[in-house]
Each structure stands twice: as C-alpha cells, then as structure tokens.
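Here is a short briefing on one protein model. Keep the sequence and the 3D view open as you read.

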Amino acid sequence: AMLAACGARIEETDLILSELPKIGKAEVWFLFKELPDGAIKISIRSRGRVNAHAIARAFGGGGHRRVSGARLEVPLSAAVELMLTAARTAMQVQSA
C-alpha cells in the first residue's frame, strides 16, 4: 500500500540497499518487504565481518557472505525480531 501511494514499484526498493552502508557504520543491515501474499522478503547485507549467508540459511534462505536473503511466513514484527536476534548472535560469534 505504501509503495502504491508513492507510485513506486517493489523492485525500486533494492536501490535502498546500496545507500544504507553510506549512512552509518553498521556491520549488517536488512531490508524487509511485505509481499502481496503476506510473506516477508528479507534482504541481508554485510560489510563482511558478519556472515549474511549464515543468517539467511538459518531461515531457509541463501546467498553469499555479504549478500543474502530469506523469505519468512510470519508477521513483519516477528521477522524484524528474528533477524535482529540472529544478527546479534552472529556478531557475538564473530567477536569470540
């Protein structure tokens, strides 16, 4: 609904991913997209210290160490919590 109100297409949201690393020092970042069928598509990016692929794989997704993604059949709020928990765990593993 938000995209339609702005006259944007869902494909255009991928451009956000290339801009996010420019605005902070985050090691890992996510883009959540609520799909028409209610699923949540999650794009995961990493500077390299955190393994984005390991996070995605834990949720049935895939990709590469720095660029990965997953699809979850849960509400958006649950998807956000799951990803934040996974990212925190991944960062602790990398620090150990």
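Start at L3. Setting aside neighbours within four places in sequence, L3 is in contact with A8, R9, I10 and T13. This is a predicted model. The points below go from L3 to the largest pocket, then to the aromatic pair and the strands.

**L3 and I10**

- L3 sits in helix α1.
- Its relative accessibility is 30%, so L3 counts as partly exposed; buried would need under 20%.
- T13, one of the contacts of L3, is ten residues away in sequence, and the two C-alpha atoms are 9.1 Å apart.
- I10, another contact of L3, belongs to the loop between α1 and α2 (14-19).
- I10 is partly exposed too, at 29% relative accessibility.
- Beyond four places in sequence, I10 is in contact with L3, K33 and L35.
- I10 and I23 are 13 residues apart along the chain, and 22 Å separates their C-alpha atoms.

**The largest pocket**

- The largest pocket holds about 390 Å³ of space.
- It is lined by 14 residues, and those closest to its centre are M2, L3, F32, K33 and E34.
- Which elements each supply at least two residues of the lining? They are α1 (2-6) and β1 (28-34).
- β1 gives the largest share of the lining, with four residues.
- By class, eleven lining residues are nonpolar, one is polar and two are charged.
- L3 is among the residues closest to the pocket centre, and L3 also touches I10.
- K33, also among those closest to the centre, is a contact of I10.

**The aromatic pair**

- How many aromatic pairs does a search of the whole structure find? The search finds one.
- The pair is F30 with F32; the ring centres are 5.9 Å apart and the planes meet at 35°.
- Why is the pair called tilted? Stacked needs planes under 30 degrees apart and edge-to-face needs over 60, so 35° falls in between.
- Is F30 buried or exposed? F30 is buried, because its relative accessibility of 15% is under the 20% cut-off.
- F32 is partly exposed, because its relative accessible area of 24% lies between 20% and 50%.
- F32 is also one of the residues closest to the centre of the largest pocket.

**A87 in helix α4**

- A87 lies in helix α4 (residues 76-95).
- A87 counts as buried, at 6% relative accessibility.
- Leaving out neighbours within four places in sequence, A87 is in contact with V28, F30 and I55.
- F30, a contact of A87, is a member of the aromatic pair.
- V28, another contact, is 59 residues from A87 in sequence, yet their C-alpha atoms are 7.3 Å apart.

**K41 and R45 in strand β2**

- K41 is part of strand β2.
- The relative accessible area of K41 is 34%, which makes K41 partly exposed.
- Past four places in sequence, K41 is in contact with L31, F32, K33, L35 and A70.
- Among these contacts of K41, F32 and K33 are also named as residues closest to the centre of the largest pocket.
- K41 and F59 are 18 residues apart in sequence, with 11 Å between their C-alpha atoms.
- R45 also lies in strand β2 (residues 40-46).
- Not counting residues up to four places away, R45 touches L17, E27, V28, W29, R66, V67 and S68.
- V28 is thus a contact of R45 and of A87.

**S68 in strand β4**

- S68 is found in strand β4 (residues 67-72).
- S68 is buried, because its relative accessible area of 6% is under 20%.
- Two polar approaches involve S68: its backbone oxygen lies 3.4 Å from a polar atom of the R45 side chain, and a polar atom of its own side chain lies 2.6 Å from the backbone oxygen of H64.
- Not counting residues up to four places away in sequence, S68 touches I42, S43, I44, R45, A52, H53, A56, G62 and G63.

How values were computed. Residues are numbered from 1 along each chain as its sequence is written. This is a predicted model: local features need pLDDT of at least 70, side-chain atom pairs count only at pLDDT 80 or more; totals for chains, interfaces and linings use all residues. Side-chain values use heavy atoms; hydrogens and water are left out. Rings of Phe, Tyr and Trp (its six-membered ring) pair if their centres lie within 6.5 Å; planes under 30 degrees apart count as stacked, over 60 as edge-to-face and the rest as tilted. Buried means under 20% relative accessible area, exposed over 50%, partly exposed in between (1.4 Å probe, protein chains only). On a 1 Å grid over the protein atoms alone, a cavity is a set of points where a 1.4 Å probe fits but cannot get out, and a pocket is an open set with protein on both sides within 12 Å along at least five of seven lines; lining residues have an atom within 4 Å of a point. Grid points are joined across faces, edges and corners, and a volume is the space filled by probe spheres set on the points. Ala, Val, Leu, Ile, Met, Phe, Trp, Tyr, Cys and Pro count as nonpolar, Asp, Glu, Lys and Arg as charged, and the others, Gly among them, as polar. A polar contact is a pair of N or O atoms within 3.5 Å; within protein, one must be able to donate a hydrogen and the other to accept it, and residues adjacent in sequence count only if both atoms are side-chain atoms. Contact means heavy atoms within 4.5 Å.
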